[in-house]
Amino acid sequence: MPPIESHALNDNPAAAVEAIAQITAVPTILDVVCRTTGMLFAAVARVTADRWIACGVQDNLAFGLEPGGELKIETTICNEIRDHRQPVIIDNVAEDPAYSSHHTPAIYGLQSYISVPITLADGSFFGTLCAIDTVPRKLNTPEIAGMFQLFANLIAFHLDAHDRIDQERQGSELREQFIAVLGHDLRNPLASLDAGTRMLQRSVTDDKSKTVLGLMQNSISRMSGLIDNVLDFARGRLGGGIAIEQADRVPLRPVLEQVVAELSLANPGRRIEADLTEAMVRCDEGRIGQLLSNLLANALTHGDPEAPIRVRSTTSGGLFEIAVTNAGEPIPEAVVKDLFKPFVRASARANLQGLGLGLYIASEIAKAHKGRLLVTSTTEETCFTFQMPQQ
């Protein structure tokens, strides 16, 4: 079976050299190796199927290698270690039955040699920690073998950590790109459609065209809301949480009244009754408006269309509270426990539109304000309550 290669560094020798250069312990390790064994050359090498690359070097032998320098892979014993994954320790080449006639010592004039494989956590082979000299050295002892193995494990640990950090960085960049592309590539064409339908609405005169354009405008508004929810989901789940801009204490009633008015206008057949306090609250008023909009949208979707939806805001005991209550079928107990997770709906009805992100985003906005979102649901009514410190 061919040896497993390190995927992260396999095709990028420069990355391997850079990864070893970032391990500040490597120069000390190589110095300790030379001092302890008396050997004049030590290196950390990246070894692949066709390349031997010096990544870290201490050269007191004038061997002529620096980081990034290479040896022909077929001239090295490390090439064989890559296959069998075992340390090779030679005290005296001339007296060693396995290596006295080996081509590597003859090519490089070696009399002593030690090399230990560096194996990463996923089992992939990175390379070797090795040392050479032109005179015999006493190397084949438990103490020296153990030291080399310990140092090889330490280097592997740092390489794994470097790989994880690099993957996290790349993942972060992909997340940012995803959010940016989503915002740009979806919003821009939608804005063009919105502008076009509004322009047509001003010019058409027949009732049929007005009706069609009205339906198109409603669809555009719904699509815009979906994009907002997906963007907030991306930020909340992939980008480190929903961001808020917490301003000074602001009067929330005007913002909440605007949300109620907008949704009442968009749903002319539904009644929304509001009882709102004049409280001043330190918060991101735009996000609180979005939270109420999501809760109202949920009530409009799942509530009894013949019964009013009630919105109430109050302050009590240092808490600011918004409650949205609707009549209708109770939320099943099996659904309640996962209700604030993404892609979960309050009803199992298949004909409902949306992605099931509204309540998740409302919950994330609550958390961002150091608050919480609660739900109670009975046969009489369902009530979602947002609570946050009034500050």
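These legends describe close-up views of a predicted model.

**View 1. Confidence across the predicted model.** The protein averages a pLDDT of 86. A score of at least 70 is reached by 87% of the residues. Residues 1–7 stay under 50. For that stretch the model has 19 contacts beyond four places in sequence. Where pLDDT is low, the predicted coordinates should not be read in detail.

**View 2. The open sheet and its edges.** The sheet has 6 strands, in the order β3-β2-β1-β6-β5-β4. Their pairing is antiparallel. The edge strands are β3 (70–71) and β4 (88–90), and each pairs on one side only. Helix α1 (residues 13–21) packs on the sheet and touches β1, β2 and β6. The direction of α1 makes about 30° with that of β2.

**View 3. Strand β1, covered on both faces.** β1 spans residues 41–47, and 7 of its 7 residues are buried. Phe41, Ala43, Ala45 and Val47 point one way. Ala42, Val44 and Arg46 point the other way. Helix α2 (residues 26–37) lies across β1, β2 and β6. It runs at about 130° to β1.

**View 4. The partners of β1.** β1 and β2 (residues 52–59) run antiparallel, joined by 7 bridges. The two strands form a hairpin with 4 residues between them. Ala42 has Gln58 of β2 as its bridge partner. Another 6 bridges join β1 to β6 (residues 125–133), also antiparallel. Here Ala45 has Thr128 of β6 as its bridge partner.

**View 5. Where β4 meets β5.** β4 and β5 (residues 112–119) are joined by 3 bridges and run antiparallel. Ile90 stands opposite Tyr113 in β5.

Note on methods. Residues numbered from 1 in each chain as written. Predicted model: local features only at pLDDT ≥ 70, side-chain atom pairs only at ≥ 80, totals over all residues. Heavy atoms only, no water. pLDDT = per-residue confidence, 0-100. Contact = heavy atoms within 4.5 Å. Buried < 20%, exposed > 50% of the residue type's maximum accessible area, 1.4 Å probe, protein only. Pairing = 2+ DSSP bridges. Axes fitted to C-alpha atoms, helices over the stretch in contact; angles between N-to-C directions.
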